[in-house]
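Trainee: Please walk me through one part of this model at close range: the cysteine links and what surrounds them. I would like the details in one connected account.

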Amino acid sequence: MPLILQGRRGRYQPLETLAQGGFGATFKAIDLDSISQRLCVLKRLDINKYYDPKVVEGIKRAFEREAKVLESLGDNSGKIPTLYDSFCLTAPASDTYPQQELNYLVQQYIEGEDLSKELKKKGRFSQQEILDVLKQILPVLQFIHEHKEQVIHRDIKPSNIVRERDTQKLVLIDFGAVKQVVRAETSPEEKSIVFGTPAYAPPEQRAEKKVYPSSDLYALAASCVQLLTGQSPDNFRDHNNQSDWRKQDPQIVDENLANILDRMLRPHPGERFQSASEVRSEIDRIEELDPPIDPPTAPPTAPQGETQPINKKFPLYKLLLLVGITALLGLAGWVSYRIIPPPIDKITTDKLISVGDNLNLEGSPQLSGKYAQLKSQGIQAFADGSYDIARNRFAQIRTEAKANQQKFTNNRESFEYKEAISALHDPLVLIYKNNAEVRLRHQAGQPIYTIAAVVPLTNSKGEAFNIGREMLFGIAQAQDKAVGPELPNVNLEVVIANDRNNREGAKAVAEAITKLKLNGRSILAVVGHYLSDSTCEAMKHSYNRASLVVVSPLSTKADMRQHCGESSFFFRTTSSTRIEAKTLVNQLVQSGLGNPSSTVAIFYRPADPFSKDLFQAFKLALGRKSIQIVQNFDLDVPQFDAKKALQQVPGVKALIVIPDGRNSNSNAFDRALEIIRANAGNKIVLGSNPLYNYLLISRSGGLQNLKTLFLATDWHRQCAPDSFVAETQMKYWFGGVNRTTTLSYEAIQVLLPTLTGEVTSPQIREKLDGLAASGNAPRSGVFADGKTISFDENGDRQELTERILITVAQDLKNPFVVVGDCP
């Protein structure tokens, strides 16, 4: 049957056929009557003249009902693809076809590549990628399940989850509600409607029984299993419908996430989570403190293909598409083009830098509903120079989000509560609001001071990297207090730059920042980066040449000024690796191991500058205490085996584990966790600061394996003023606070007193260098003992001569506790 459109409906001109079968066809088309001649998806339902008249009427009613549901969902939420049109035409008889009634739906078109195609390219998804899939698709399921029609998707699988081309957001496609009704109308004797793909369908669906919201959760978990393992979930299902997917690789994900997937995969619907919000709540719980750890991604293998749809009679009618709550929704299930982020040195930085005017900033948190609309309006207004409108839009986001957070605080599983919390967890909104405010003041004649916050909002693959957002929490909070109404205030403008957590990204954005002019203004200072290697590369290639001050809250490599181009413009609010090593070795001495008979083995990654530097710091600190290093192990070697490594050093008294900051991959990080797990709490373990992570507990085999683990950190809430912790948690971010946020807060704190008059970056350097001798060093707001912030001749933090020693307690709600007193 050809595509037949006539009269006014001739506006939709087909470009290509996307899918076709006896049930109907789907076309990619162009809307000639739209101003932009937009692309659309045209879906045609063919009604066979040989159907019983009652069946035909049932199909028509189903079609009309589906159009109304689409329109209703879209009108009420703005979270599904726009329904442009729906209509019915009668195709006249011809030599080839009899007269036939054709029904059409016209919807928004979205290009992208589905996850099954992504899987073929990469072999496996990482844990962080799986969490991202769940976080984007679960809100969609919650939304449709809670709709008055209680819509069940029934065919969730990797090929029905599409990554939208431009935004990289996930879209859930192929919602088969009309197909379900038509199946029922044409086969009224069936008790339930069965279609989908067997490998992912739950037992009740395969048995043609009633399906529930938890049926969709089963299929989503089965999809995640395939993405994690590269194999069809059918391979892991036994005759009792139990899934043993974890036996293939017990350490493929941490135990908490594995338990969530297992519960979603339980055979009986009543034993699963009963709603998408329950699953999301459990994910939030396991991520309560720090970002999750990614297991290594396996080399690409050919994943097993999906099986044929259960309902072979009507397999091709794909109708309703739903996109994730944080994304624009639409149709594009059968044609896909994935834009793989190119290397940083081959792309421009126009998507990596924003002062509040960039809608396409990579790594910008994606809000939903009205909050997303307000954020877009604010950014557009900022770009247009309408700073009063921009300020008001950004302020409205936080005002309304705080109101809804309070309103629904007793129902934290509600969509409204979670949507509000997501908005409050977006530090860019607060930074952009204050940037708009200070520009308005500047227009009124007040001075304005512009700095750059260079943070890893994403990794090199373009995937979200939470450390960048945590850094911006501290920066945004300090800026807000500086700009606020209380005098004296400082008109601080913050340019956000995403360095993608690697040296190439750091070099690219650093070069752009040094050349950036904002209405004639240059950047006065940089707060960043995260990795020492990134900071060093940016200094050597750009910052030093531009005489630009850098205040790093997290780069800990020793002798940064000397090793990064002999720069006198570098300062840091954190302590160096030497202080970290000294603190941990002192703990060995306290444990009775400070003598020549004491021995240790060290596990590190020599190819990583941070890991290598901390290794050298440990060598010096251990040598001063006459503690011997028996053997070094490279965490980056192929086929690393933690148990065999420990068998090589059975007599050592302690293990020192120094993974990197996951700047290229998580291999060294994961192997460090394997060492801790294999040690099983037998020997003392000294760990580097990147291990200060909540999911360390489950990935290392639980609390019992961590009883001898010690870490050293510059900040812990037990050593902080209650007022600062309360303000951070209850006024600003409505969640936990950690070292990353507080040290970034301090970086802004120490810069503020230098921003007076027509100051230049060299003058800021002179002021920072002179803080120690001046007696006017600013008081830190994050330490209970009122530490000041000043620097020695190397730019190192003068007050932090010893780190806070922490270990793991037996309380999962507060697992990391201080050992002894706060220094």
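**The cysteine links and their surroundings**

Mentor: Let's start with C719, which is buried, at a relative accessible area of 6% (buried is under 20%, exposed over 50% and partly exposed in between, with a 1.4 Å probe and protein chains only). C822, by contrast, is partly exposed at 36%. Bear in mind that this is a predicted model: local features need pLDDT of at least 70, side-chain atom pairs count only at pLDDT 80 or more, and totals for chains, interfaces and linings use all residues. Residues are numbered from 1 along each chain as its sequence is written, and side-chain values use heavy atoms, without hydrogens or water.

C719 and C822 form a disulfide with their sulfur atoms 1.9 Å apart; the criterion is a pair of cysteine sulfur atoms within 2.5 Å. The link of C719 and C822 is left-handed, with -85° about the S-S bond. C719 sits in the loop between strand 20 (709-713) and helix 22 (722-733), and C822 in the segment after strand 22, so the bond ties together parts 103 residues apart in sequence. Helices (H or I, at least four residues) and strands (E, at least two) are DSSP runs, numbered from the N terminus.

Strands 20 and 22 belong to an open sheet of seven strands, ordered 17-16-18-19-20-21-22, with mixed pairing; two strands pair if DSSP finds at least two bridges between them. Strand 17 (628-634) and strand 22 (816-818) are the edges, each pairing on one side only. On average, neighbouring strands here are turned by 25° against each other, direction ignored; axes are lines fitted to C-alpha atoms, for helices over the stretch in contact, and angles run from 0 to 180 degrees between N-to-C directions. Strand 22 pairs with strand 21 (residues 804-808) in the antiparallel sense over three bridges, and I806 stands opposite V818 in strand 22.

Now for the rest of the cysteine bonding. The whole structure holds two disulfides, and their pattern is 1-2, 3-4 when bonded cysteines are counted along the chain. C536 is joined to C564, with an S to S distance of 2.0 Å. The C536 and C564 link is also left-handed, with -115° about the S-S bond. C536 lies in helix 15 (residues 532-543) and C564 in the loop between helix 16 (560-563) and strand 15 (570-572), so this bond ties together parts 28 residues apart in sequence. Both C536 and C564 are buried.
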